[in-house]
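Here's a quick briefing to read alongside the structure. It goes topic by topic, so feel free to jump around.

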Amino acid sequence: MSVSRALPHDAARLHVTGAARYVDDIPVPAGCLHLAFGLSTIARGAIRSMNLDEARGAPGVVAVLSAADLPFANDVSPSAHDEPLLATDRVHYLGQQLFLVVAESHLAARRAARLGRVEYDEEDPVLTIEQALAAGARFEEGPRIYEKGDARAAIAAAARTIEGTIEIGGQEHFYLEGQAALALPQEGGDMVVHSSTQHPTEIQHKVAEALGVPMHGVRVETRRMGGGFGGKESQGNALAVACAVAARLTGRACKMRYDRDDDMIVTGKRHDFRIAYRAGFDADGRIGGVEFVQYARCGWSQDLSLPVADRAMLHADNAYLLPACRIESHRLRTNTQSATAFRGFGGPQGMLGIERVMDHIAHELGLDPVELRRRNYYRAPGAGGLSAPRAAAPRPPESFPGKMKHVDPATDLTSRGAVSDLAPDRARAEGGGNTTPYGQAVNDFELHGITDVLMRTSDYDNRCRAVGEWNARGGPIRRGIAFSPVKFGISFTLTHLNQAGALVHVYQDGSVHLNHGGTEMGQGLFQKVAQVAASRFGIEPGAVKITATDTAKVPNTSATAASSGSDLNGMAVKAACDTIRGRMAEFLAELHQTVAAEVRFHDGRVRVGSHDMSFAEAAEAAYLGRVSLSATGYYRTPKLAWDRIRGVGRPFYYFAYGAAVSEVAVDIRSGEYRILRADILHDAGASLNPALDIGQIEGGYVQGAGWLTTEELVWDGKGRLRTQAPSTYKIPACADRPEVFNVALWDGANREDTIYRSKAVGEPPLMLGISAFLALSHAIASCGARYPALDAPATPEAVWAAVRRLGHGI
C-alpha cells in the first residue's frame with residue numbers, strides 16, 4: 001500500500017535544482033506590466049493631500065492609481081471589510097498602501113512609488129498595549145471570557161499561589177518566496193490570476209468584488225508556494241486585487257511581487273501577546289484554579305485576529321486538566337501592521353502561558369518539572385492504560401443540536417472565525433470531568449505514554465542530574481534542560497470551513513489525474529494526497545499526477561491552514577477514487593460474471609475471480625465499456641459544534657500530541673547560547689508519509705525555537721518597523737539547529753476516522769520549541785534563587801539581562 005511509505009517530496013528534485021516554478025517564474029506575455037505600491041511614511045493621521053504627478057511622469061510609468069480610481073470594491077480584508085486596498089482619507093500604520101504604480105518594469109514601478117508627495121495631519125500613534133488600553137482601542141465590544149468553574153474561589157482556597165506576567169513577541173513569516181501575483185485578462189472581461197496564496201478561493205472572491213463580476217468570472221491558480229506559514233492566507237489579497245484591477249484597466253497582463261523590505265514592512269506578523277496569570281495549587285503541585293488575562297496586539301485592522309485570539313484561549317490549558325479556569329482575552333487595535341495567521345494560529349501563545357505557570361510552580365516547590373506536569377495531565381483514555389494495547393475509545397459527543405445563526409451577507413464566508421455558527425443547547429460536553437475549559441471531552445489523550453517513552457529514550461533523568469552537577473561547579477557556561485508537551489486541537493474553529501472537494505480522472509492508459517482544494521507550500525501535501533489516491537487504486541504513486549490548485553476545477557475551497565490539508569483533501573480524494581473504483585469493479589464483475597466485492601485492486605493489478613489484468617488494462621476495458629472514469633469527491637469533518645461567544649462546544653475533531661526535551665548551554669557573561677540537543681516524540685497517528693512528517697516536525701521545532709529565542713521584531717516610537725531585513729531580523733540558521741537532533745514518531749492510529757487514521761502534523765510541532773525556551777530559563781535559574789521570569793524572545797541580550805537580575809537581586 002502506498003500510504004505510510006517514507007517517500008520523498010514529489011517536487012524535491014525540482015526544489016534543489018531550481019527547476020520548480022513559482023509565480024515569479026511563470027513566462028509572461030509580451031507587454032506585461034509590473035506594479036508597486038506607494039506606502040505611508042507615518043503610522044497615524046489624516047491625508048491632507050496626495051500629489052502623484054512626479055510618479056506619473058517617471059520613466060516607464062503607464063498609470064498611477066489612487067483609491068478614487070478603483071472601479072468597484074476598495075477592500076482586501078479577509079473578514080470585516082475594514083482593510084482598503086488603497087487608503088482613502090486616513091492612514092493607520094507606517095507602510096499602508098496609498099497608491100498603485102503600473103509600469104513597464106519592476107524596478108521602474110518601485111522607483112516611481114517613492115515619488116509620491118503626500119502631506120499628512122500626523123497624530124500620535126497607538127503602538128503599545130498600555131496605549132491601546134488607555135485609548136479603548138480594541139476589536140469587539142470588550143474582553144472575551146471563557147470560564148470553567150470558579151477560578152477565583154479555587155485560587156483563594158489553595159495552599160500555595162503564584163502570579164506573574166510573560167511578554168511574548170511576534171514573528172515574521174520570512175517565507176523564501178515573497179508575496180507575488182500575476183493577472184492575465186481574458187475575453188469577455190474574465191480574469192485568470194496566478195497567486196502565491198494558501199487560499200485561492202478567497203483571492204477569487206476578493207478579485208471578483210474588485211472587478212464587479214461574479215466569482216465565475218475569476219479563475220485562480222496556485223501551483224506551489226515557496227513557504228507560507230499562515231502569511232499567505234490573507235496577505236496575498238492586496239497583490240492579486242491590484243494586478244487584476246490594473247490588468248482590466250490596461251488590457252495587459254500585470255504582475256506584482258514585494259521585495260523583501262517591502263514585504264516585511266507591509267505584511268502582518270504573528271500576534272505578540274502579554275499574558276498575566278494567577279494560579280493556586282497544593283503542596284504536590286496540583287493546580288486547583290488558574291486565571292489568565294491575555295492581551296493580543298492585533299494591529300490596525302481585524303484581519304484574522306478574532307479567531308487567532310480565540311485559539312489562544314482554546315489552548316490555554318495545553319495538556320493539563322484544570323479543575324477551575326478563567327481566561328480573559330483583550331484584542332487590541334494598534335497602529336502597526338495588521339497581525340495575521342501564523343503557524344499555530346494563536347495556539348503557541350496560549351500554550352506558552354500555561355507552560356510558564358507549570359515552570360513557575362515547579363521552581364516554587366522545588367519539584368522536577370516533568371513530574372509536576374504529569375500530575376496535572378488530562379487522564380489517559382481507557383481503564384488506566386497508558387498506551388497500547390488500548391481500550392476502546394469512549395464515543396465522543398455528537399454535534400450539538402442547534403441551528404445556523406443569521407450570517408451578515410457582508411461577511412466573507414471564506415474567512416475563518418468571523419462568526420459563530422452554532423448555538424449549542426447544552427453548555428458542556430460530557431466527558432466524566434476530563435474536559436477542557438470550553439467543555440470538550442478529551443478522549444484521546446496520548447501524553448502519558450509519550451512522556452514515559454521520551455523520558456527513557458532521551459535519558460532525561462541522568463542528563464538532568466548531569467546538568468545540575470555541571471551548574472553546581474559555577475563557571476561562566478551554564479546548562480539547562482527542559483521538557484514541554486503539546487496537545488493541539490485539529491479543525492477550523494469556524495465549523496463551515498471544515499469541508500473539501502476533489503476531482504479525479506482515470507485515463508484509459510491507467511494514469512490518474514487529480515485536483516483538490518489544498519495548496520502546496522513545501523509541506524508535502526500533494527505527495528500525501530497522491531499516495532492516498534494510489535492506495536485506493538492499488539497503483540504506485542508515480543502513476544498519479546496532481547495539478548495546480550485551480551478554483552475552476554474544485555470550487556469553494558477552504559484555506560490550506562489549521563493543519564487540515566491532508567485531513568480534508570485526503571478524505572475528499574478518497575471519496576472520488578472510491579466512486580471510480582466502484583464503477584470499475586461493477587463493470588468488471590458483470591463482464592466476468594462475478595460480484596463487485598470479488599474485484600481486487602492491488603500492486604498495479606486488478607483481479608476479478610480467476611482473471612488477472614493490469615490496472616491500465618482494466619481502465620481501458622472500462623473506457624471501452626462506456627464507464628465514467630471521472631468523479632468528484634467531497635468531505636466534511638463530523639462531530640463539530642462551537643459557539644465562540646459563549647466559549648462552549650466541540651471546536652476540534654481530535655487532538656495531536658507531542659513532547660520534546662531540549663538541552664542548552666548559556667554563556668552568562670554575554671547571554672549567548674546554543675541548543676545542544678533536542679529529543680522529540682511526536683504523534684502523527686498512522687502517518688501517511690513518515691519522512692515528510694519527520695521533516696515537518698524538525699522544521700516546526702526550529703521555527704518555534706526561533707520565535708522564542710532569536711527572532712525579535714522592533715518598532716520605534718513612530719511606528720516604523722526597524723527589523724525589516726535579514727540584517728536586523730534573525731531567523732535560525734543551519735548552525736542554530738540542535739547539534740544532536742533526535743526525532744521519532746509515536747506509533748498509534750488516530751482514534752477518530754481520519755484519512756487512514758493519520759493525524760495532522762503541520763502546526764503542532766512548532767510548540768515543541770517551547771522546550772528550548774524553558775531550557776534557557778532553567779540555565780538562568782542557576783544564577784540565583786528567584787524564578788527568572790524570562791520573556792520571549794529570549795535573545796542573548798534578554799538572557800544576559802535576566803542573568804544580571806538574578807545575580808544582583810534586582
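In this predicted model, strands S7 (residues 144–148) and S15 (residues 325–333) pair up in the antiparallel sense, with five bridges between them. S15 also pairs with S14 (residues 287–299), this time running parallel and joined by nine bridges. The bullets below start with that strand and then move on to the open spaces, a helix and some backbone oddities.

**Around strand S15**
- On the S7 side, Arg-144 sits opposite Ser-329 of S15.
- On the S14 side, Ala-296 has Arg-331 of S15 as its bridge partner.
- S15 is mostly covered, with eight of its nine residues buried.
- As a general point, side chains in a regular strand alternate between the two faces of the sheet.

**The second largest pocket**
- This pocket holds about 540 Å³ of space.
- Its lining counts 25 residues, and the closest to the centre are Glu-167, Ile-168, Gly-169, Asp-272 and Leu-713.
- Four elements each give at least two lining residues: helix H4 (129–135), strand S8 (160–168), strand S13 (272–281) and helix H19 (796–808).
- S13 provides the largest share of that lining, three residues.
- By type, the lining splits into eleven nonpolar, five polar and nine charged residues.

**Cavities**
- There are six cavities of 30 Å³ or more in the structure, and the largest cavity contains about 130 Å³ of space.
- Fifteen residues line the largest cavity, and Glu-83, Tyr-93, Gln-97, Gln-235 and Val-266 are the closest to its centre.
- The lining of the largest cavity breaks down into six nonpolar, seven polar and two charged residues.

**Helix H16 and the residue after it**
- Which residues of helix H16 (residues 615–624) are buried? They are Phe-615, Ala-618, Ala-619 and Ala-622.
- These four cover an arc of only 100° around the axis, so they end up on the same side of H16.
- The background is that an α-helix has 3.6 residues a turn, so residues three or four places apart point the same way.
- Arg-626 follows H16 and has a positive phi, near 60°.

**Unusual backbone spots**
- For context, most residues other than glycine have a negative phi, and most peptide bonds are trans.
- Gln-593 isn't a glycine, yet its phi is positive, near 55°.
- You'll find Gln-593 in the loop between helix H15 (565–591) and strand S21 (599–602), where its relative accessibility of 75% makes it count as exposed.
- Tyr-756 also has a positive phi, about 55°, without being a glycine.
- Tyr-756 belongs to the loop between strand S29 (740–746) and helix H18, and with a relative accessible area of 21% it is partly exposed.
- The peptide bond joining Ala-792 and Pro-793 is cis, with omega about 5°.
- Pro-793 is placed in the loop between helix H18 (770–781) and H19.

**Two more residues to look at**
- Is Thr-637 buried or exposed? Its relative accessible area is 14%, so Thr-637 is buried.
- Thr-637 lies in the loop between strand S24 (630–636) and strand S25 (641–643).
- Leaving aside residues up to four places away in sequence, Thr-637 touches Ser-491, Asn-498, Leu-568 and Tyr-653.
- Ala-135 is part of helix H4 and counts as exposed, at 52% relative accessibility.
- Ala-135 and Glu-590 are 455 residues apart in sequence, and their C-alpha atoms are 75 Å apart in space.

Methods:
Residues are numbered from 1 along each chain as its sequence is written. This is a predicted model: local features need pLDDT of at least 70, side-chain atom pairs count only at pLDDT 80 or more; totals for chains, interfaces and linings use all residues. Side-chain values use heavy atoms; hydrogens and water are left out. Buried means under 20% relative accessible area, exposed over 50%, partly exposed in between (1.4 Å probe, protein chains only). The arc is that of the directions from the helix axis to the C-beta atoms. Contact means heavy atoms within 4.5 Å. On a 1 Å grid over the protein atoms alone, a cavity is a set of points where a 1.4 Å probe fits but cannot get out, and a pocket is an open set with protein on both sides within 12 Å along at least five of seven lines; lining residues have an atom within 4 Å of a point. Grid points are joined across faces, edges and corners, and a volume is the space filled by probe spheres set on the points. Ala, Val, Leu, Ile, Met, Phe, Trp, Tyr, Cys and Pro count as nonpolar, Asp, Glu, Lys and Arg as charged, and the others, Gly among them, as polar. Two strands pair if DSSP finds at least two bridges between them.
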